[in-house]
Amino acid sequence: MTDAPTEPAAAELTLRPLGFEHLAAVLDLGHRVYDTDAMPYTGWSLSAVAGHLDAPDPACLVLLDGDRVAGFVLGSLSFEQRADWGYLEWIAVDPGYQGRGVASRLVKECCARLEAAGAVCVVTDVERRNTASAELMRRNGFAEEATVSLFVRPLADAPAAGAGRAREASAPRRHLTRAAAERVR
């Protein structure tokens, strides 16, 4: 009896800078992994992700299993008004590769590249209910420094809060992070 093939560990995957050829897979993976209804800015548009391709410091990476994107990370040099802070903006790992060190490898490499580019620290944000991501960040040297709450005020003519959560999976998603929205202005 032969053993079923297993997905490779992170060390066996190929690390590459994010390229045009990865855009569709990165967007697809991000939208499969994140619930954008829970936290609207966890989804990205094509232009927001593609904008990282022009970044001078390559902190946007993919881990590949052949041609398949096992995981990705988008990082940038500058956070809000701090040009000396790096920002780990978005990370996702294909569920078939989770638990194999893929996310930690991406976090470590992104942070190393941001440091080499001049960052004195790296910040990221994690939705409060995303305990797996919070633990990933803690394991990789991040500490919770501030808590920010997203307040939502439904408008008079708008559906009640949460009513849009049942939208079709095929509906287009047009969500940007604050940093991404600033880049495409």
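The following legends describe close-up views of a predicted model.

**View 1. The five-stranded sheet.** Five strands form an open sheet, and their order across the sheet is E1-E2-E3-E4-E5. The pairing of these strands is mixed. Strands E1 and E5 are the edges of the sheet, for each of them pairs on one side only. From one strand to the next, the twist averages 30°.

**View 2. The pairing of strands E2 and E3.** Strands E2 and E3 run in the antiparallel sense, and five bridges join them. One residue to locate in this view is Leu61, whose bridge partner in E3 is Val73.

**View 3. Helix H3 along its length.** Helix H3 covers residues 102-116 and has 15 residues. The helix reaches 21 Å from its first C-alpha to its last, which is close to the 21 Å expected at 1.5 Å a residue. After H3 comes Gly118, a residue with a positive phi, near 115°.

**View 4. The buried residues of helix H3.** Which residues of H3 are buried? They are Val102, Ala103, Ser104, Leu106, Val107, Cys110, Cys111 and Leu114. These buried residues pack against strand E1 (14-17), strand E2 (61-65), strand E3 (68-79), strand E4 (82-93) and strand E5 (121-123). They also pack against helix H4 (131-139).

**View 5. A salt bridge within helix H3.** The side chains of Arg113 and Glu109 meet in a salt bridge, with 2.7 Å from N to O. Arg113 and Glu109 are separated by about one helical turn because they are four residues apart in helix H3. In an α-helix there are 3.6 residues a turn, so residues three or four places apart point the same way. Arg113 is partly exposed, its relative accessible area being 26%. Glu109 is likewise partly exposed, with a relative accessible area of 25%.

**View 6. A salt bridge within helix H4.** Glu135 and Arg138 form a salt bridge in which the closest N and O atoms are 3.8 Å apart. Both residues lie in helix H4, three residues apart, or about one turn of the helix. Are Glu135 and Arg138 buried or partly exposed? Glu135 counts as partly exposed, because its relative accessibility is 36% and the partly exposed class lies between 20% and 50%. Arg138, at 46% relative accessibility, also counts as partly exposed. Elsewhere in the model, salt bridges that share partners join Asp28, Arg32, Arg68 and Asp94 into one network.

**View 7. The surroundings of Asp94.** Where is Asp94 found? Asp94 is in the loop between E4 and H3. Why does Asp94 count as buried? Its relative accessibility is 6%, and buried means under 20%. Leaving aside residues up to four places away in sequence, Asp94 touches Leu29, Arg32, Arg68, Val69 and Ala70. Among these contacts, Arg32 and Arg68 belong with Asp94 to the salt-bridge network that also includes Asp28.

**View 8. The salt bridge between Arg82 and Asp84.** How many salt bridges does a search of the whole structure find? The search finds eight. One salt bridge brings together the side chains of Arg82 and Asp84, at 2.9 Å from N to O. Arg82 is partly exposed, with a relative accessible area of 36%. Asp84 is partly exposed as well, with a relative accessible area of 26%.

Methods. Residues are numbered from 1 along each chain as its sequence is written. This is a predicted model: local features need pLDDT of at least 70, side-chain atom pairs count only at pLDDT 80 or more; totals for chains, interfaces and linings use all residues. Side-chain values use heavy atoms; hydrogens and water are left out. Helices (H or I, at least four residues) and strands (E, at least two) are DSSP runs, numbered from the N terminus. The expected span of a helix is 1.5 Å times one less than its number of residues. Buried means under 20% relative accessible area, exposed over 50%, partly exposed in between (1.4 Å probe, protein chains only). Contact means heavy atoms within 4.5 Å. A salt bridge is a side-chain nitrogen of Lys or Arg within 4 Å of a carboxyl oxygen of Asp or Glu. Two strands pair if DSSP finds at least two bridges between them. Axes are lines fitted to C-alpha atoms, for helices over the stretch in contact, and angles run from 0 to 180 degrees between N-to-C directions.
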